[in-house]
Every structure is written in structure tokens, then in C-alpha cells.
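Biologist: I'm new to reading structures, and I'd love a close look at one small part of this one. Could you pick a residue, show me its surroundings, and then work outward from there?

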Amino acid sequence: MKAAKMTVACVTYYLVFDGEAMFALRDIYGGTQLALEAIEPDTRESFAATCAIAALLAERGELLRRRLGYDSGAIPEKDDFLLAVRPFEIVELKRAIMTAIELGYGREVTTPGDEIDEGLAELNQKKTR
């Protein structure tokens, strides 16, 4: 699973948007799109929503890291972001959230045209000679 990497106050967080995060955002904001709309304005409420969503996605990332066998890191809370995010990092944090959501909804699909069967290619080349 892919994650958006964000460093705040010298701590690196991996923001992961998985199924649990999707349903949590639905419960809290009414859906992913509404959550993104909540972080869009340049207001105190938007900053609080940004920090809450970042904490949720960072928690999902940390739990995934642990499941994959990495050393345990701290599970951040909303207050960790509220206290540590500097004004010039707010936009970067919002972008990391959007990237994590984009990655979560994205799929890695290989179509049959992408795969190369070398044996079949060699046979087809012999037929054309």
C-alpha cells in the first residue's frame, strides 16, 4: 500500500488512506469529498479538521507499518499536529492528505497488453519471416 510522507517537527509520518479511514471520514464528515471540502478554507476550523484528518491517516499508516514488521513509532493524535504544524506547513499537510486519499483510491492495474510473453513474441517473429 502506498502512503504520503509528511515530516512535522522532525517526525516523519506516513499518511495512509485505507478502507477504515474512508469509513471514519464518512462517519465524521459525511464522506471523503466533504472531508476535503472541510480542509479547503483558510480558517481555524479548517486547520483543526486538517490536523484531525492527518492524525487519522497517520494512525492508519503507523498501524500498517507495524503490521508489515517495521519498528513501532508513536501513534499521533490531533493535538500533535495542532501543536507542531507551523503556518508554512499547513498547505503541505493538506497536500499530503489529498495525496494519501488519491493513492488510497488509486489502483495498480496491469492490462494484458502490458505483459510481454517472450516465447509468444519469438514465435510470432518466426511466423513473419
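Modeller: Let's start with Thr32, which sits in helix H2, a run covering residues 32–39. Keep in mind that this is a predicted model. Is Thr32 buried or exposed? Its relative accessibility is 9%, and because buried means under 20%, Thr32 counts as buried.

What does Thr32 touch, once neighbours within four places in sequence are set aside? The contacts are Phe17, Met22, Ile101 and Tyr105. Hold on to Phe17 and Tyr105, as we will come back to that pair.

Now let's move along the helix. Ala35 also belongs to H2, and with a relative accessible area of 1% it is buried. Leaving out residues up to four places away in sequence, Ala35 touches Leu25, Tyr29 and Ile53. You can also find Ser46 from here: it is 11 residues from Ala35 along the chain, and the C-alpha atoms of the two are separated by 9.8 Å.

Which residues of H2 are buried? They are Thr32, Ala35 and Ile39. Seen around the helix axis, these residues cover an arc of only 60 degrees, so they lie on the same side of H2. And what covers them? The cover includes helix H1 (19–29), helix H3 (44–67) and helix H5 (90–105).

Back to the rings, as promised. The whole structure holds 2 aromatic pairs. One of them joins Tyr13 and Phe81, whose ring centres are 4.9 Å apart; their planes meet at 45 degrees, so this pair is tilted. Tyr13 is in strand S2 (residues 11–15) and Phe81 is in helix H4 (residues 78–84), so the pair ties together parts that are 68 residues apart in sequence. Tyr13 and Phe81 are both buried.

Phe17 and Tyr105, both contacts of Thr32, also form a tilted aromatic pair, with 5.0 Å from centre to centre and 55 degrees between the planes. Why does this pair tie together parts that are 88 residues apart in sequence? Because Phe17 lies in the loop between S2 and H1, while Tyr105 lies in helix H5. Phe17 counts as buried, at 4% relative accessibility. Tyr105, at 46%, counts as partly exposed.

Strand S2 turns up once more when we look at the largest pocket, which holds about 160 Å³ of space. S2 and H3 are the elements that give two or more residues to the lining of this pocket. S2 supplies the largest share, 4 residues. Among the residues that line the pocket are Val11, Thr12, Tyr13 and Tyr14, along with Ala58, Glu62 and Arg65. So that you can find the rest on screen, the lining also includes Gly73, Ala74, Ile75, Pro76 and Asp80. Notice Tyr13 in that list: you have already met this residue as the ring partner of Phe81.

Finally, let's step back to the whole chain. There are 6 helices and 2 strands, and along the sequence they follow the pattern β-β-α-α-α-α-α-α. The chain has 129 residues, of which 31% count as buried; Thr32 is one of the buried residues. Among contacts with a separation of 6 or more, 61% are between residues 24 or more positions apart. On the outside, the chain exposes about 8,900 Å², with carbon and sulfur atoms supplying 51% of that area.

Technical notes. Residues numbered from 1 in each chain as written. Predicted model: local features only at pLDDT ≥ 70, side-chain atom pairs only at ≥ 80, totals over all residues. Heavy atoms only, no water. Buried < 20%, exposed > 50% of the residue type's maximum accessible area, 1.4 Å probe, protein only. Contact = heavy atoms within 4.5 Å. Areas by Shrake-Rupley, 256 points an atom, 1.4 Å probe, with all protein chains shown as cover. Arc of directions from axis to C-beta. Phe/Tyr/Trp six-rings, centres within 6.5 Å; stacked < 30°, edge-to-face > 60°. 1 Å grid on protein atoms, 1.4 Å probe; cavity = no way out; pocket = protein on both sides within 12 Å on 5 of 7 lines; lining within 4 Å. Points joined across faces, edges and corners; volume = space filled by probe spheres on them.
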